[in-house]
Amino acid sequence: LTAFLNGQFAPLDTLQVSVMDRGFLFGDGVYEVIPVYNRQPFRLEEHLQRLENSLAAIALVNPYSRGRWAELIHAIVAAQDFEDQSVYLQVTRGAAWPRNHALPAQVTPTVLIYADELAAPLPAMVEQGVTAISAGDIRWLRCNIKATALLANVLLRQMAVDAGVAETVLFRDGLLIEGSSSNIFVVSQGEILAPPPSHLMLTGITYDLILELAQQHALPYRVCEITEQQVRDADEVWLTSSSKEVLALVQLDDQLVGDGKPGPVFREMHRHYQQFKRDVMRN
Ligand code: PLP
């Protein structure tokens with residue numbers, strides 16, 4: 001796998017960074033995951049915009065222009081054997097001595113980009129849906145930053161793995177926030193409900209696309225606070241992310257969602273999503 005580190009292209013397993021890198025010591029960095037279909041990065045501009053927002057939020061100067069990022073990503077994509085890929089990129093603040101929480105005056109960010117084969121959702125996951133558990137949101141109050149410091153997300157996802165389910169759905173103060181690595185939508189009485197973007201959640205590139213598609217196809221939707229009870233009473237619950245696209249959640253904890261099968265609004269949205277992908281790949 002050809003990867004990029006600090007200006008050099010080389011096989012991923014040969015790359016090394018300093019143990020004093022603040023990404024390693026403090027989780028002081030941000031990242032993006034970009035799906036690539038037919039060697040075309042999907043929603044690249046949106047991902048690069050969110051990267052800029054994350055960098056600005058942690059006072060890290062963007063090391064590259066939009067154009068340079070696009071060039072580097074395209075070069076990484078071109079170097080792989082697969083048509084469909086997942087590009088991972090991260091920028092950490094870089095290596096600095098001595099170890100000190102406060103920001104170093106002089107430091108060069110560490111930039112890593114690599115791509116792997118895309119693990120698309122299995123047809124069975126689309127047709128039958130997936131299951132989830134719920135948990136209180138134990139993360140910090142700046143979840144809008146796509147930070148590499150993911151310890152809480154790691155523990156929350158492991159809860160799902162231990163329970164044999166696909167995701168952990170997070171609630172804070174009785175309200176739906178998101179999943180441990182996905183956004184969550186609800187369908188109630190034919191209306192798609194989405195939690196309002198805030199510092200408590202990461203607004204997914206897929207989240208935005210789902211709302212765009214709802215708008216485009218005149219599906220009723222509303223961005224509003226969603227209570228835990230509304231989720232448990234919902235006709236449909238969906239999970240979205242760049243790698244999972246959109247999947248129906250058919251069971252939450254011990255309770256079926258609706259009739260325990262992916263619902264009609266999900267099936268319509270999934271169809272629009274696949275059509276949208278085909279349309280952009282043709283252009
Ligand atoms: N929320 C969290 C916490 C995530 O980690 C992710 C992505 O992995 C998402 C939401 C979905 O974001 P996107 O649709 O941009 O992949």
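Let me start with a bit of bookkeeping: Ala, Val, Leu, Ile, Met, Phe, Trp, Tyr, Cys and Pro count as nonpolar, Asp, Glu, Lys and Arg as charged, and the others, Gly among them, as polar. With that, the shell around the ligand divides into 3 nonpolar, 9 polar and 1 charged residue.

Two notes on what we're looking at. This is a predicted model, where local features need pLDDT of at least 70, side-chain atom pairs count only at pLDDT 80 or more, and totals for chains, interfaces and linings use all residues. Residues are numbered from 1 along each chain as its sequence is written.

So, the ligand. It is surrounded by 13 residues, meaning those whose C-beta atom, placed from the backbone, lies within 6 Å of it. The closest are Ser181, Gly204, Ile205, Thr206 and Ser242. Helix H6 (205–216) gives the largest share, 3 residues. Strand E13 (236–241) also supplies at least two. Helices (H or I, at least four residues) and strands (E, at least two) are DSSP runs, numbered from the N terminus.

Now on to helix H3, residues 66–78. Which of its residues are buried? Trp69, Ile73, Ile76 and Val77 are, buried being 20 or more other C-beta atoms within 10 Å of a residue's own, and exposed 12 or fewer, all placed from the backbone. Those four cover an arc of only 100° around the axis (taken from the directions from the helix axis to the C-beta atoms), which puts them on the same side of H3. Over on the other side, Gly67, Arg68, Glu71 and Ala78 are exposed.
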